[in-house]
Amino acid sequence: MPMLISLPMYGVRPQQDVQPFWQMLSQQLHYYGITEINEQLFWPSDLLLHWRDPALLLSQTCGFPLVTQLHQQVQLVGAFSYQSPYCSGVYYRSLVVVREDEDGEQLSDFRHRVVAYNSTDSQSGYNALRALIAPLAANGRFFSRGIASGGHYRSIAMIQQRQADIAAIDCVSFALLQRANPSAVAGLKIIAQTDAAPGLPLITSLTTSAEQLIRIRQAISATVNSPEATYAKDNLLIRGFSILSWSDYDVIKQMQEKAFASGVITL
């Protein structure tokens, strides 16, 4: 049975933006002997189910579900580094954004306001922000209420439409949107940044052999380092690829623990 590959996490128009990179990666996978794969990227409707699929050869998840829901259920392949001024090597952070016409200039000025977040299982939109507000919270609360938007770009739209006041946006997602459609981020200002964490992890199934894992990493490295892939990489702002360990992602669990210790369970 062909193994599944998906790259669902980045792209303003994901299925269109990811395709050039996938074409280059597919060639390298074949070159390194990984041939039992679907020729088309898989676009799952249920990401968590997909990430746990024994037929998963490669996907990109978020660091928060990696450490809270996928531990010992997948293998870690590594992570891309990205071209954003808010990234440092393989580490990235979230940008806390509000409307430009707001008087407030720092996070503490937005107490009792409405926060939009993409989902409760998001590192960049939820867990990192929860840790950031923890020292400012009283009785476990800082914002008046939170609204699940379903995605970073929807959170931005909700702020602009005054349905919400503030959100934490993955800096790579922000950079991709700013490049593709500058008007989409017009009228916003950045008032804070979350602590940095390792970038979105690439994963494979536990059924993937040690030899296959080596070959997958070789194929990814070759793609990222190939001059022919420059356009495909730039399309997604990919700069490099690094092999990371599970312990590198401990910082994400520590953010959750920091928030819980302050009584902050939800946004």
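I looked up Ile-5 first and found it opposite Leu-58 in β2. Leu-4 has Leu-56 of β2 as its bridge partner. I am reading a predicted model, where local features need pLDDT of at least 70, side-chain atom pairs count only at pLDDT 80 or more, and totals for chains, interfaces and linings use all residues. Residues are numbered from 1 along each chain as its sequence is written, and side-chain values use heavy atoms, with hydrogens and water left out.

**The sheet**

I traced the pairing next. β1 and β2 (residues 56–60) run parallel to each other over two bridges. Helices (H or I, at least four residues) and strands (E, at least two) are DSSP runs, numbered from the N terminus. I call two strands paired if DSSP finds at least two bridges between them. On its pairing with β11, β2 is antiparallel, again over two bridges. There, Ser-59 has Ile-203 of β11 as its bridge partner.

I then wrote down the whole sheet. It is open, has five strands in the order β1-β2-β11-β3-β12, and its pairing is mixed. Which strands stand at the edges? They are β1 and β12 (238–242); each has a single partner strand, so one side of each lacks a neighbour in the sheet.

Is β2 buried or exposed? Five of its five residues are buried, so β2 is largely enclosed by the rest of the structure. My cut-offs: buried is under 20% relative accessible area, exposed is over 50%, and partly exposed is in between (1.4 Å probe, protein chains only).

**Helix α8 and its neighbour α2**

I checked what α2 (residues 19–31) does against α8. Their axes come within 8 Å and cross at roughly 130 degrees. That makes α2 oblique to α8. Axes are lines fitted to C-alpha atoms, for helices over the stretch in contact, and angles run from 0 to 180 degrees between N-to-C directions. Under 35 degrees counts as roughly parallel, over 145 as roughly antiparallel, 65 to 115 as roughly perpendicular, and the rest as oblique.

I listed the contact residues, with contact meaning heavy atoms within 4.5 Å. From α2 come Phe-21, Met-24, Leu-25, Gln-28 and Leu-29; from α8 come Ile-216, Ala-219, Ile-220, Ala-222, Thr-223 and Val-224. By class, I noted nine nonpolar, two polar and no charged residues in this contact. Ala, Val, Leu, Ile, Met, Phe, Trp, Tyr, Cys and Pro count as nonpolar, Asp, Glu, Lys and Arg as charged, and the others, Gly among them, as polar.

**Helices α5 and α10**

I moved on to α5 (residues 123–133) and α10 (residues 250–261). Their axes come within 7 Å and cross at roughly 50 degrees. α5 is therefore oblique to α10. On the α5 side, the contact is made by Gln-123, Asn-127, Ala-128, Arg-130 and Ala-131. On the α10 side I found Ile-252, Met-255, Gln-256, Lys-258, Ala-259 and Phe-260. The classes are six nonpolar, three polar and two charged residues.

**Two loop residues**

I found Met-9 in the loop between β1 (4–5) and α1 (14–17). Met-9 is partly exposed, at 25% relative accessible area. Not counting residues up to four places away in sequence, Met-9 touches Trp-51, Gln-60, Thr-61, Cys-62 and Leu-200.

I found Pro-182 in the loop between α7 (171–180) and β9 (188–193). At 52% relative accessibility, Pro-182 counts as exposed. Its C-alpha atom and that of Pro-54 are separated by 40 Å, with their places 128 residues apart along the chain.
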